[in-house]
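Subject: Structure handover

Hello,

Please find the structure below, with the sequence. My notes on what was found follow it.

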Amino acid sequence: MTKRALKRVAREGAFDAGQFAEDGKVRRLPVGAGWSPLGGHGQEDRDQGYLKTIKPKSEGQKALIEAIDSKNLIMALGPAGTGKTYLAIAKAVEALEAGKVGRIVLSRPAVEAGESIGYLPGDMEDKLAPYLRPLYDALSDRLSMKRVKALMAEGLIEIAPVGYMRGRTLNNAFVVIDEAQNCTYVQLKMLLTRLGWHSTMVVTGDPAQSDLLPTLSGLAEISQKLEAVGNISVVRLEDRDIVRHPLVAEMLGVI
């Protein structure tokens with residue numbers, strides 16, 4: 001490889017495939033097979049992750065999808081990796097594209113998990129960005145990042161911390177409250193009462209992984225009370241519904 005080519009690699013991080021051609025054939029590095037939540041190892045399985053139609057991977061996920069389709073308020077509780085947030089946001093995008101709602105509102109508490117938010121550079125929005133990043137990741141998996149930015153610029157997708165939700169009425173919207181285990185009982189009561197006409201709200205969280213002090217999280221208590229309301233669905237996902245690496249389910253069984 002010439003010096004100019006080396007500089008190009010360092011600058012662009014890309015190789016020219018022609019440099020590795022022998023007898024007109026390009027030698028490609030093999031892609032190692034690994035575990036996939038889609039149940040396969042090939043490129044065909046990977047491509048399925050970009051399909052717009054979502055399919056449940058477990059009985060718990062099936063129950064959650066059915067609840068979102070039939071109820072206006074859904075509480076999705078379960079351990080990490082069960083797809084609570086992803087399914088909620090996927091259904092929100094589906095509803096927006098089908099014209100069932102006029103906007104998507106995503107919110108999560110900006111609760112420090114052992115780190116201080118003050119050390120982050122920038123203004124308040126810059127400091128809150130890392131806390132909202134998981135929501136951007138889920139959105140970009142269902143839509144192109146270019147389209148996500150366009151919809152946010154138009155106000156059709158809004159991402160905000162819990163503190164910005166007080167006093168609002170969310171009509172004609174699909175609302176997802178993520179990481180609700182880091183909300184107090186009073187905060188959750190405030191969030192649930194934001195629900196307006198022609199709207200759906202999905203509240204997701206894992207009561208066993210709260211970053212708040214013990215007894216401060218209100219998710220478990222408020223979910224137990226709402227189970228008595230017929231028009232509200234409380235879906236409890238289990239370890240068998242985990243679709244991340246199998247080690248996640250094994251670890252959660254012992255830690």
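For the helix-to-strand angle given further down, axes are lines fitted to C-alpha atoms, for helices over the stretch in contact, and angles run from 0 to 180 degrees between N-to-C directions. The model is a predicted one.

Overall

The protein contains 9 helices and 8 strands. It has 255 residues, of which 39% count as buried. Among contacts with a separation of 6 or more, 73% come from residues 24 or more positions apart. About 15,200 Å² of the protein is exposed, and carbon and sulfur atoms supply 54% of that area.

The sheet

An open sheet is formed by 6 strands in the order 5-4-6-7-3-8, with parallel pairing. The edges are taken by strand 5 (157-161) and strand 8; each has a single partner strand, so one side of each is left without a neighbour in the sheet. From one strand to the next the twist averages 15°.

Strand 4 (residues 103-108) pairs with two of these strands. It is joined to strand 5 by 5 bridges in the parallel sense, and a further 5 bridges join it to strand 6, again parallel. I104 shows both pairings: its bridge partner in strand 5 is I157, and in strand 6 it is F174. On to strand 7, strand 6 is joined by 4 bridges, and these two strands also run parallel. Here F174 stands opposite T200 of strand 7. Between these two strands the chain passes through helix 7, and the resulting β-α-β crossover is right-handed.

Helix 7 (185-192) lies across strand 3, strand 6 and strand 7, and runs at about 160° to strand 7.

Strand 6

Strand 6 covers residues 173-177; 5 of its 5 residues are buried, so the strand is largely enclosed by the rest of the structure. In a regular strand, side chains alternate between the two faces of the sheet. In strand 6, A173, V175 and I177 point one way and F174 and V176 the other, and all are buried.

The loops at either end of this strand each hold a non-glycine residue with positive phi. N172, in the loop between strand 5 and strand 6, has a phi of about 50°. E179, in the loop between strand 6 and helix 7, has a phi near 55°. Both are partly exposed: the relative accessible area is 35% for N172 and the relative accessibility is 26% for E179.

Helices packed on the sheet

Which residues of helix 8 are buried? In this helix (residues 219-226) they are L219, I222, S223 and L226. Viewed down the helix axis, these buried residues fall within an arc of 100°, so they line one face of helix 8. They pack against strand 3 (73-77), helix 7, strand 7 (200-205) and strand 8 (232-236).

Two residues in other helices may be worth a look while you have the model open.

K91 sits in helix 4 (residues 84-97). Is this lysine buried or exposed? Its relative accessibility is 7%, and the cut-off for buried is under 20%, so K91 counts as buried. Leaving aside neighbours within four places in sequence, K91 is in contact with I54, I65, I68, D69 and F174. The last of these is the strand 6 residue that pairs with I104 and stands opposite T200.

L135 belongs to helix 5 (residues 124-142). With a relative accessibility of 0%, L135 counts as buried. Not counting residues up to four places away in sequence, L135 touches T85, I89, L106, S107, R108, I159 and D178. The C-alpha atoms of L135 and V176 are separated by 9.6 Å, and the two residues are 41 apart along the chain.

Regards

How values were computed
Residues are numbered from 1 along each chain as its sequence is written. This is a predicted model: local features need pLDDT of at least 70, side-chain atom pairs count only at pLDDT 80 or more; totals for chains, interfaces and linings use all residues. Side-chain values use heavy atoms; hydrogens and water are left out. Buried means under 20% relative accessible area, exposed over 50%, partly exposed in between (1.4 Å probe, protein chains only). The arc is that of the directions from the helix axis to the C-beta atoms. Contact means heavy atoms within 4.5 Å. Two strands pair if DSSP finds at least two bridges between them. A crossover is right-handed if, with the strands pointing away from the viewer, the path from the first strand over the helix to the second runs clockwise. Accessible areas come from the Shrake-Rupley method with a 1.4 Å probe; for residues, only the protein chains shown count as cover.
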